[in-house]
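This is a walk through a few local features of one protein model. Please look at the sequence and the structure before reading on.

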Amino acid sequence: MSTPSRRLSSGLHAEMRYASSGWQLVVDGTPQSHVDPEQPQLLIYEYVQQIGHVIDALPAGPITAVHLGAGALTLPRYVDATRPGSRQQVIELEPLLVELVREVAPLPRGASVRVRYGDAREQLSRLPAGLRGAVDLVIVDVFSGAQTPAHVTTVEFHALVRDLLAPTGVVVVNIADDRTLAFAKRQLAALLEVHEDAAALADPGMLKGRRFGNVVAVAGRELPDLDEIGRALRRDPLPGKVVAGAELRRFLGGASPARDADATPSPAPGRGVFG
């Protein structure tokens, strides 16, 4: 079977690789997303499963969601399948990436998913005015190749995201980091400065600095049921845990929040991380 691909405007090379369980989006050798259009509720990547648990813990019924970063449109499909009638906006920098994904794995017919193109931070101010204060879920999963750009990690950026949220809305952030966890701690500190509450989800090995990997952060005025999320994490193939409250503050250890003046991109993964 051929491997559909595109050369993106950034110069990076994107391709959709067929696997027995669906398709994998790979950008410049870095796996970005997995999707099975026939099974939209199937979440393969560990961090995507963790985000799925947060989605499942939101109040029942349709939601309004904004996704910063398209990937393979895995989570918009998941929301559409698990919460019919939801309204969703996706912001993606690379039109050719979305074209590639939709060529191989079209969105379900009737899904209310609007894709907008441009820089995630710049496009926040261009979303419909009716979304301000009305969004139940914002997912931040922005990567340029294998790294998250600095300008979507800061206190100033998260203040813009907060303005979209409904009173019970939450923001969920995929944070990739190395064993130092310095980048993740600065993002979590930024979220705690902007929002009333925050928590981190990850497997214990990642939280102890044993490997390069992902930490999922969730923040808002009022978080979903963390006990429910914790039970779901423990059932995962790679069991995870919730870090919140005093435990989260001990984990941060006084880390300073990332700000526009001093933020850095996420660490580049070393060779062999995705081997």
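Two residues are in contact when heavy atoms of theirs lie within 4.5 Å. The model is a predicted one.

With that cut-off, S86 is a convenient place to start. S86 sits in the loop between α2 and β6, the strand of residues 87-92. Setting aside neighbours within four places in sequence, S86 is in contact with P62, I63, V79 and S112. Is S86 buried or exposed? Its relative accessible area is 2%, and S86 is therefore buried, since buried means under 20%. The side chain of S86 also has polar partners in the backbone. It reaches the backbone nitrogen of I63 at 2.9 Å, and a polar atom of the S86 side chain lies 2.7 Å from the backbone oxygen of R83.

A second loop position is G69, found between β5 (64-68) and α2. G69 has a relative accessibility of 18%, so this residue counts as buried too, the limit being 20%. Which residues does G69 touch, not counting those up to four places away in sequence? They are V90, I91, E92, D141 and V142. G69 and V140 are 71 residues apart along the chain, with their C-alpha atoms separated by 6.7 Å.

Helix α2 (residues 74-82) packs with helix α1 (residues 46-57). The angle between them is about 30 degrees and their axes are 11 Å apart. The crossing of α1 past α2 is right-handed. On the α1 side, the residues that meet α2 are V48, I51, G52, I55 and D56; on the α2 side they are T74, L75, Y78 and V79. By class, this contact is made up of six nonpolar residues, two polar and one charged. V79 thus appears in the account twice, as a residue of α2 that meets α1 and as a contact of S86.

The other helix pair is α6 (residues 182-194) and α9 (residues 245-252), whose axes come within 10 Å. At what angle, roughly, do the axes of α6 and α9 cross? They cross at roughly 135 degrees, which makes α6 oblique to α9, because angles over 145 degrees would be needed for roughly antiparallel. α6 passes α9 in a left-handed crossing. K185, L188, A189 and L192 of α6 meet L248, R249, F251 and L252 of α9. Six nonpolar and two charged residues make up this contact, with no polar ones.

Notes
Residues are numbered from 1 along each chain as its sequence is written. This is a predicted model: local features need pLDDT of at least 70, side-chain atom pairs count only at pLDDT 80 or more; totals for chains, interfaces and linings use all residues. Side-chain values use heavy atoms; hydrogens and water are left out. Axes are lines fitted to C-alpha atoms, for helices over the stretch in contact, and angles run from 0 to 180 degrees between N-to-C directions. Helices (H or I, at least four residues) and strands (E, at least two) are DSSP runs, numbered from the N terminus. A crossing is left-handed if the near helix is turned anticlockwise from the far one by less than a right angle, and right-handed if clockwise. Ala, Val, Leu, Ile, Met, Phe, Trp, Tyr, Cys and Pro count as nonpolar, Asp, Glu, Lys and Arg as charged, and the others, Gly among them, as polar. Angles under 35 degrees count as roughly parallel, over 145 as roughly antiparallel, 65 to 115 as roughly perpendicular and the rest as oblique. Buried means under 20% relative accessible area, exposed over 50%, partly exposed in between (1.4 Å probe, protein chains only). A polar contact is a pair of N or O atoms within 3.5 Å; within protein, one must be able to donate a hydrogen and the other to accept it, and residues adjacent in sequence count only if both atoms are side-chain atoms.
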